[in-house]
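Grab a pencil and open the model. Let's work through a few exercises on it together.

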Amino acid sequence: MRTDRQTLNDLGIVESTYGEKTLFSLFDMTESDGGKRCLEEWLVHPLSDWKALHERQEAIRYPDFPEIRICREELDFIEFYLSQGDRPTRVSYLESAFSYIFRHFRATPERYVIRRGTKLLENVLLELKTFADHVTELSPRLIRNIAATISEIYQATELGKMVDSCGQEDSFYRTDRLDYIFRYRRNHTIAALLSIVYQLDAIRTMHRTAVTKGWCFPSFTNDSKFMLCNFYHPQVKDAVANDWEMENGNICIFTGSNMAGKSTTLKAIASAVWLAHAGFPVPASSMVCPMFDGIFTSINLPDSLRDGRSHFYAEVLRVKEVLEQINKGHHCFVLFDELFRGTNARDAFEASVAVAEVLKAKAYSRFLISTHIIELARKLDGDDACCFYYLESAIVDDELICNHKVKPGISESRVGYWIVKKELAGFEK
């Protein structure tokens with residue numbers, strides 16, 4: 001999936017510029033640090049491969065996920081044990097005997113790390129074998145592939161026999177041999193098996209999140225259908241759920257007054273598209289989404305004092321960057337929030353019309369544009385390439401009422417002057 005730092009920042013995927021909670025924080029409930037790293041990797045790098053997405057979704061949705069014991073403290077200790085620099089390059093009974101005699105008179109912290117590390121790692125290997133044994137032909141493909149990988153490793157190496165011998169009485173020689181195998185002979189294999197544990201932790205965490213929050217898993221389509229039912233921004237308290245669809249055309253124009261919720265609504269849609277392409281559940285009751293191979297947003301676009309770049313020029317360059325990606329043949333989801341806010345109304349209108357004419361020709365990409373320039377929406381009204389939504393707002397009893405409901409059509413609400421008069425009352429003199 002093609003994206004960039006601007007989009008990651010706009011949507012607050014793993015970092016937040018303005019102190020808001022990140023999208024990742026909604027899913028940060030893994031039982032291991034490795035599982036957290038795996039989950040973050042999935043979220044930061046969404047997919048554009050339907051097969052890979054389907055397999056990940058299928059695994060996360062699976063209700064009969066085989067149990068596997070995961071303990072953060074024990075896995076952290078195993079990672080610490082494996083990171084010890086003095087790795088044994090050979091092992092023999094005689095050397096172990098001399099080492100045992102030496103330690104009998106002088107215990108060392110290093111020996112404690114080796115004994116506990118090998119024992120905990122043995123337990124993890126046994127957990128993985130038990131997991132693989134409980135996977136059936138009815139299990140999701142990704143789960144079956146993971147189980148097959150575990151079985152192949154155990155059959156191709158001495159790790160299988162070691163797992164079968166778990167529970168035997170520990171001896172100084174057996175501990176030293178396990179240490180030799182774990183940290184030297186099969187250290188890369190052990191790392192691969194631990195990565196499987198973390199992947200299973202991430203999958204199980206995602207399943208629990210979807211069930212607990214009641215979120216849906218999107219369906220992907222090759223046609224033009226694009227819709228969300230009862231979607232909302234997951235970081236907004238008491239968020240209002242909305243429906244939205246974009247079946248015809250490739251440009252959707254959002255209008256509405258200041259404070260009506262245009263930016264939040266667009267971010268909610270863009271976040272849903274991002275989560276869908278990461279294989280994650282989406283805060284909605286249902287979603288049908290085209291398969292995109294690029295996601296780009298322009299929400300909190302900065303100017304550049306260092307480069308002498310105005311905000312308007314930064315906006316122009318952002319549009320150019322996105323079009324360059326699309327011209328390479330990529331099908332992109334693109335969001336422009338308040339396009340050309342960095343210039344006067346007349347220039348903004350004319351520039352927006354010019355951009356819309358270019359975007360209409362990019363039929364396989366989808367563009368969401370919010371604007372407070374009603375004239376732009378009127379200019380494009382009736383064009384088959386465009387659809388229109390607005391956020392309701394009204395002044396009732398000298399109070400601004402915004403119900404944050406998304407409706408098809410074009411807003412006629414103008415409350416900017418009222419807001420200025422309201423907030424600056426008393427400063428006239």
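**Warm-up: how sure is the model?**

The protein chain has a mean pLDDT of 87 (the predictor's confidence in each residue, from 0 to 100), and 86% of its residues reach 70 or more. This is a predicted model, where local features need pLDDT of at least 70, side-chain atom pairs count only at pLDDT 80 or more, and totals for chains, interfaces and linings use all residues. Residues are numbered from 1 along each chain as its sequence is written, and side-chain values use heavy atoms, with hydrogens and water left out.

**Exercise 1.** Find which elements have the lowest and the highest mean pLDDT.

*Solution.* Elements are DSSP runs numbered from the N terminus: helices are H or I with at least four residues, strands are E with at least two. The lowest mean, 51, belongs to helix 5 (residues 93–105), and the highest, 97, to strand 2.

**Exercise 2.** Work out the strand order of the open four-stranded sheet, and explain why its edge strands have a side without a neighbour.

*Solution.* Step one: two strands pair if DSSP finds at least two bridges between them. Step two: the order reads 1-5-2-3, with mixed pairing. Step three: strand 1 (219–221) and strand 3 (242–245) each have a single partner strand, so one side of each lacks a neighbour in the sheet. Step four: zoom in on strand 2 (residues 227–231) and strand 5 (residues 286–290), which pair in the antiparallel sense over three bridges. There, Leu228 of strand 2 sits opposite Met287 in strand 5.

**Exercise 3.** Describe how helix 7 and helix 10 pack.

*Solution.* Two packed helices are described by the angle between their axes and the distance between the axes. Axes are lines fitted to C-alpha atoms, for helices over the stretch in contact, and angles run from 0 to 180 degrees between N-to-C directions. For helix 7 (residues 141–156) and helix 10 (residues 187–213), the axes come within 11 Å and cross at roughly 155°. That makes the two helices roughly antiparallel (the label for angles over 145 degrees). Contact means heavy atoms within 4.5 Å; among the residues making it are Ile146 and Ile150 of helix 7 and Leu193 and Ile196 of helix 10.

**Exercise 4.** Sort out the open sheet of six strands.

*Solution.* Its order is 6-7-8-4-9-12, again with mixed pairing. Strand 6 (294–298) and strand 12 (406–408) are the edges, each pairing on one side only. Further in, strand 7 (residues 332–337) and strand 8 (residues 366–370) pair in the parallel sense over five bridges, and Phe336 stands opposite Ile369 in strand 8.

Definitions and conventions:
Parallel < 35°, antiparallel > 145°, perpendicular 65-115°, else oblique.
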